[in-house]
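Student: Could you take a close look at one buried part of this chain and tell me how the rest of the chain is arranged around it? I would like a careful, connected account that also says where caution is needed.

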Amino acid sequence: MSKTGIECRRPGDRRMRIMQQGFDFQTAESAFDAVNAIRTLEEAVKNCGFEQSLIVLVKMRASQINGCACRIHSHIRNARLHGETEERLRVLHAWRDPAMPFRARECAALAWTEALTVLSTTHVTDAIHQQAREQFDRDELAKLTLLVGTTILWDRLAIGFRSVLHAAGETCSDASTGCT
């Protein structure tokens, strides 16, 4: 046992440190089927037809709002793999500034993401809904909502289970926290 917690292994996962002793996902065997169902949903959302740049920006923004460091780290890695620029990654949190390099469709997706991620304070205003409807048809908006919802769910699991970054250069346990 380390000073910050215990070491554990999840089926098929790399070693990761859990910060709160006794909060080992492996002991929640009843959740295994549910997590697999979330993974299936994640895979469907990943293949929904959206451009990869939109998917990674939405995931990263939701995880920024939720403060999920290990997933932000994974999203940055994946964004780079899909050709996202360092400039856009660095200024994502300021996407509303008109000088920022984001397209109207991306801005609508990011506004939708923020509204759904902080529902308790913002709800989805008529203006945000209208902005989203101008850029996304009904089916796309449903897919975008599932993308945001799935990302939020993985963030909550990662935060709730105290997922932390491994040694420098590695990420949180991807299979357990939907980092794709």
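**Helix 5 and the core around it**

Tutor: Helix 5 is mostly covered, since 13 of its 14 residues are buried, and I will take this helix as the starting point, bearing in mind throughout that the model is predicted. At 1.5 Å a residue, the 14 residues of helix 5 should span 20 Å, and because its end C-alpha atoms are 20 Å apart, the length agrees with that expectation.

The setting of the helix comes next. The chain contains nine helices and two strands, and along the sequence these follow the pattern β-β-α-α-α-α-α-α-α-α-α. Of the 180 residues of the chain, 43% count as buried. Among the contacts between residues at least 6 apart in sequence, 63% join residues at least 24 apart. The accessible surface of the chain comes to about 9,400 Å², and 55% of this belongs to carbon and sulfur atoms.

In soluble globular proteins, nonpolar side chains tend to be buried together. In this model the largest nonpolar core has 30 residues, and those with the most contacts inside it are F50, V58, W112, F136, L144 and V148. Two or more residues of this core come from each of helix 2, helix 5, helix 7 (126-135) and helix 8, and helix 5 gives the most, with eight residues. One of the residues with the most contacts inside the core, W112, repays a closer look: leaving aside its neighbours within four places in sequence, W112 is in contact with V124, I128, H129, A132, L141, L144, T145 and V148.

Three of these partners, L141, L144 and V148, are among the buried residues of helix 8, which also include L147, T150, T151, I152, W154, D155 and A158. An α-helix has 3.6 residues a turn, so residues three or four places apart point the same way. The 23 residues of helix 8 should span 33 Å at 1.5 Å a residue, and its end C-alpha atoms are indeed 33 Å apart. At the start of helix 8, a side-chain oxygen of D137 comes to within 3.1 Å of the backbone nitrogen of D139, while the helix is followed by R162, whose phi is positive, near 60°.

Further contacts of helix 8 can be traced through two of its residues. I152, which is in helix 8, counts as buried because its relative accessibility is 12%, below the 20% cut-off. Not counting residues up to four places away in sequence, I152 touches N66, L116 and T117. The C-alpha atoms of I152 and C68 are separated by 9.8 Å, although these residues are 84 apart along the chain. T150, also placed in helix 8, is buried with a relative accessible area of 2%, and beyond its neighbours within four places in sequence it is in contact with L41, E42 and V45.

N66, the residue touched by I152, is one of the buried residues of helix 2, whose others include S53, L54, I55, V56, L57, V58, K59, M60, R61, A62 and S63. Twelve of the 15 residues of helix 2 are buried, so this helix is largely enclosed by the rest of the structure. The cover over those buried residues includes helix 1 (32-46), helix 3 (69-81), helix 4 (86-91), helix 5 (104-117) and helix 8 (138-160). Helix 2 (residues 52-66) reaches 21 Å from its first C-alpha to its last, close to the 21 Å expected at 1.5 Å a residue, and it is followed by G67, whose phi is positive, near 70°. S53, which lies in helix 2, counts as buried at 18% relative accessibility; leaving aside its neighbours within four places in sequence, S53 is in contact with E84, R88, R103 and E106.

A word on confidence belongs at the end. The chain averages a pLDDT of 79, and 73% of the residues score at least 70. Over residues 1-24 the pLDDT is below 50, and beyond near neighbours in sequence this stretch has 53 contacts in the model. Over residues 173-180 the pLDDT likewise stays under 50, with 31 contacts in the model beyond four places in sequence.

Notes
Residues numbered from 1 in each chain as written. Predicted model: local features only at pLDDT ≥ 70, side-chain atom pairs only at ≥ 80, totals over all residues. Heavy atoms only, no water. pLDDT = per-residue confidence, 0-100. Contact = heavy atoms within 4.5 Å. Helix = DSSP H or I, 4+ residues; strand = E, 2+ residues; numbered from the N terminus. Expected span 1.5 Å × (residues − 1). Buried < 20%, exposed > 50% of the residue type's maximum accessible area, 1.4 Å probe, protein only. Core = buried A, V, L, I, M, F, W, Y, C linked by side-chain atoms within 4.5 Å. Areas by Shrake-Rupley, 256 points an atom, 1.4 Å probe, with all protein chains shown as cover. Polar contact = N/O pair within 3.5 Å; in protein donor to acceptor, adjacent residues only side chain to side chain.
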